[in-house]
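Me: I'm new to this one, so could you walk me through it question by question? Let's put it up on screen first.

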Amino acid sequence: MALISSLASSLTGMKVAQAQLEIVSNNIANVDTKGYTRKTAAQSALVASGHTMGVTIGNTQRTVDEGLLKNFLTSNSLSNSLSSQRDYMSRLDNLMGSTEGQNSLAANVGNLQSAFETFSTSVSSPASRYQLLTDAQALTNKLNYLSTNIQTLRGDADMEINGAINQVNSLLESIDELNTEIVKYTVMNREGVANLQDQRDNALRELSSYMDITYYTRDTGAVVIQTTSGAMLLDNEVHPLSHTALAQVGPDNTYDSGNIQGIYADGVDITAKITGGSIGGLIEIRDNTLPSLQSQLDELTKVLYDEINSIHNQGTAYPNMPSTLTGSATFIAEKDAAGNDIYSQRLRIDSGDVRFVIFDTDGKQVDTTTLVGGLKFGEPNNTLNDMMSIMQDWLQNTVGLPEASVAMNGNGNLVIDTGDSNYTISIIDEVSSNAGSAQEAVGLSFSVNGDNIYDTTAKGFSDFFGLNDFFTTNNVDYIYDSKVLSNKVAVGNNTVTTWSFSDSKNGFDYGEINITKSMTIQDIANQINDNAELNTHLKASLIANGDGYMLRIESLEGAQLEIAETAGTGILAKLEMAPSNCGYSAAIQVRQDIAENANRIACGSPDFDSSKATYTINAATNNIANKLASAFTDSLVFKQSGDMAKTTTTIANYTSTFVGNIASITNTAESSYEYQSALTEAISYKEAQVSGIDIDEELSQMIIYQQSYAACAQVFTASREILDILLGLV
């Protein structure tokens, strides 16, 4: 019996040694295979009926530290998120140029400032005018270029998200298939589970590069995968992700407003639950970083636009004085019974008076009057229609220009036309109706729907209508934004305030909401979106901006929008609701006729000659040119935009801060990525120490198993020889 046992033990010993040698050989052969882990198999005694019958070998096991694997997945996810952000910010930084670079935005602003300063001292010089025009166009082109490329980067990120989601879905399908195989092999007690688990871990590693994940393993051996925020990706089945990228992204396209589609799983938007991996980094770039920078660029553009235009509107381009002035501001018309356009909005002059001066081709005054003191414009006959009627009557019947007209064109822009190119018009804001009064922008109040509640205030008559702008845009004011606010703080007043909405397609007051004391901007947005009269024409949303949100109300039809307070007052002013800056940097340009003729740049305004009691103007007058130059050195108010807080500074300083902000974000992204990448590599190295193949160790094991095999073979040979002898004796 002992001899039989010896034969069995030696035979099983050889088989076990052979199996161990095969495992070691596979380990050595896969030393450079990515994701391959060291395999081992435990040996145990084979006992039958209380007697040892040799040895047996268990199933192949992996040498894996699950804690290290999960740490790697987390670190790898963050590393890839930072990598995406670094790559996109590097691209933007290259487009922007350094603060010292000659092709940078800061240099363009500095060049325009210098051009205005030179122009102020030599307004009669054609060279200074054309240099000013060249530098102004260079700046607007740069602003257009940067805005376009910021949106291109956002579009690229959105498309890249689409591609990454396809990869995620493919990986989830692969892991699901591996789960099925692992469960089947485990139940059937088949070899190969360890290799399948290696393949699954490799897929998990790759998946973590696209998004932040966490997982746990069921008793069956299958893994369940979620995002770290709890969105289910794989349990008993795959929960595939879906996303439709925009063909073209614009400044007004945001995820918050629903213009950019979210990432969905089982019909639920899980965008906010993806915070890591390349997808998380791309979401951050698309929805936060780049929109923040776009809003800063638009704020810079809008302040520049408003400041230069407000000054330029005070001046006159002599000797190229216009006989026709066309405004850039758009007004909404309503129809009377006969189908004629009526402009019933009310305009009130709160301080000063508006002077109109008619000059002949020699620059001599032909006639002059004022809007309030001379033409008696005022309440209750102070609609835009009233204003246009009395101005036209004055031009035709008092000045003697029968072809003159004052009316709104088809786009809702005010047009003042003398009807005779030999007679030009100049508009001057003065502190009183008396001829020769000091020039100062008049104060205005405006009722956007013609009721007796004045919704907005402004400075400067010509600037209000945009009659002599230096910069123009083709923007339609179909979006209104508030200032940055908390979405949890009540914004109402003690009395109920009613907002009424009008636009160029649906007319006046087609719907309204009531704002009570306890309402937040989220409540206001909900009221608009839940209102059946409004939600077919308007959409309201909260747009993340820095440490708060802007209330955004936009026309779904892209129509010129107006918001009026028809009961109660103060909420529009409290929220600073106004036409959005969104997209200004993409659309700003030098006014077309100025771009064609630099002599149309205003350098001065008419002076009053007290000895003759008339207004005069000459080509050397530079009071407006001086103000234009000082616009770049005066401290101006910039609203909060993204992570740049509300500030009072110069245009040049804001520009430098903006460019520096991009460089700072880029450097932070680079250094953060380098640190996280090094940490990920360190974890990977530690994993390799635990799970990887050590050739020396494997060779040592091979020698041991070879010797074991040889010893078992000798025992087997000796036992067989003894058995043969015994059989021979029998």
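Reply: Sure! One thing up front: this is a predicted model. Ask away.

Me: Let's start with the rings. How many aromatic pairs are there?

Reply: A pair of aromatic rings is described by the distance of the centres and the angle of the planes. Rings count as a pair when their centres lie within 6.5 Å. By that rule, the count of aromatic pairs comes to 14.

Me: Phenylalanine 331 and phenylalanine 465 form a pair; is it stacked, edge-to-face or tilted?

Reply: The two ring centres are 5.4 Å apart, and the planes make an angle of 45 degrees. Under 30 degrees would be stacked and over 60 would be edge-to-face. So 45 degrees fits neither of those, and the pair of phenylalanine 331 and phenylalanine 465 is tilted.

Me: How many residues apart in sequence are the parts which that pair ties together?

Reply: Phenylalanine 331 lies in the loop between strand E11 (324–326) and strand E12 (334–335). Phenylalanine 465 belongs to helix H8 (residues 461–465). The pair therefore ties together parts whose separation in sequence, in residues, is 134.

Me: And are phenylalanine 331 and phenylalanine 465 buried or exposed?

Reply: Buried means under 20% relative accessible area. Phenylalanine 331 comes in at 7%, and phenylalanine 465 at 0%. Phenylalanine 331 is buried, and phenylalanine 465 is also buried.

Me: Which residues do ring pairs link into a cluster?

Reply: Phe331 and Phe465, the tilted pair from before, both belong to it. Ring pairs bring in a tryptophan and further phenylalanines too. The full cluster is Phe331, Phe356, Trp394, Phe446, Phe461, Phe464 and Phe465.

Me: Now for charges over rings. Which ring does the charged end of lysine 302 sit over?

Reply: There's a case with arginine 190, whose charged end sits over the ring of tyrosine 185, 4.2 Å from its centre. For lysine 302, the distance from the charged end to the ring centre is 5.3 Å. The ring under lysine 302 is that of tyrosine 584.

Me: On to salt bridges. Which helices hold glutamate 670 and arginine 86?

Reply: Side chains of opposite charge can pair when their charged atoms come close. The structure holds 13 salt bridges, and one of them joins glutamate 670 and arginine 86, at 4.0 Å from N to O. The pair ties together parts that are 584 residues apart in sequence, because glutamate 670 lies in helix H14 (residues 651–691) and arginine 86 in helix H2 (residues 66–96).

Me: Is glutamate 430, which pairs with arginine 355, buried or exposed?

Reply: The side chains of glutamate 430 and arginine 355 meet in a salt bridge of 2.9 Å, N to O. Glutamate 430 is in strand E19 (residues 424–430) and arginine 355 in strand E15 (residues 353–359), 75 residues apart. Arginine 355 has a relative accessible area of 4% and is buried. Glutamate 430, with a relative accessible area of 0%, is buried.

Me: Last one: where does helix H6 bend?

Reply: Helix H6 (residues 277–312) has 36 residues, which should span 52 Å at 1.5 Å a residue; its end C-alpha atoms are 50 Å apart, which agrees. H6 is largely enclosed by the rest of the structure, because 31 of its 36 residues are buried. The bend in H6 is about 40 degrees, and it comes at isoleucine 285.

Key. Residues are numbered from 1 along each chain as its sequence is written. This is a predicted model: local features need pLDDT of at least 70, side-chain atom pairs count only at pLDDT 80 or more; totals for chains, interfaces and linings use all residues. Side-chain values use heavy atoms; hydrogens and water are left out. Rings of Phe, Tyr and Trp (its six-membered ring) pair if their centres lie within 6.5 Å; planes under 30 degrees apart count as stacked, over 60 as edge-to-face and the rest as tilted. Helices (H or I, at least four residues) and strands (E, at least two) are DSSP runs, numbered from the N terminus. Buried means under 20% relative accessible area, exposed over 50%, partly exposed in between (1.4 Å probe, protein chains only). A charge sits over a ring if NZ of Lys or CZ of Arg is within 6 Å of the ring centre and within 35 degrees of the ring normal. The expected span of a helix is 1.5 Å times one less than its number of residues. The bend at a residue is the angle between axes fitted to the seven residues ending there and the seven starting there.
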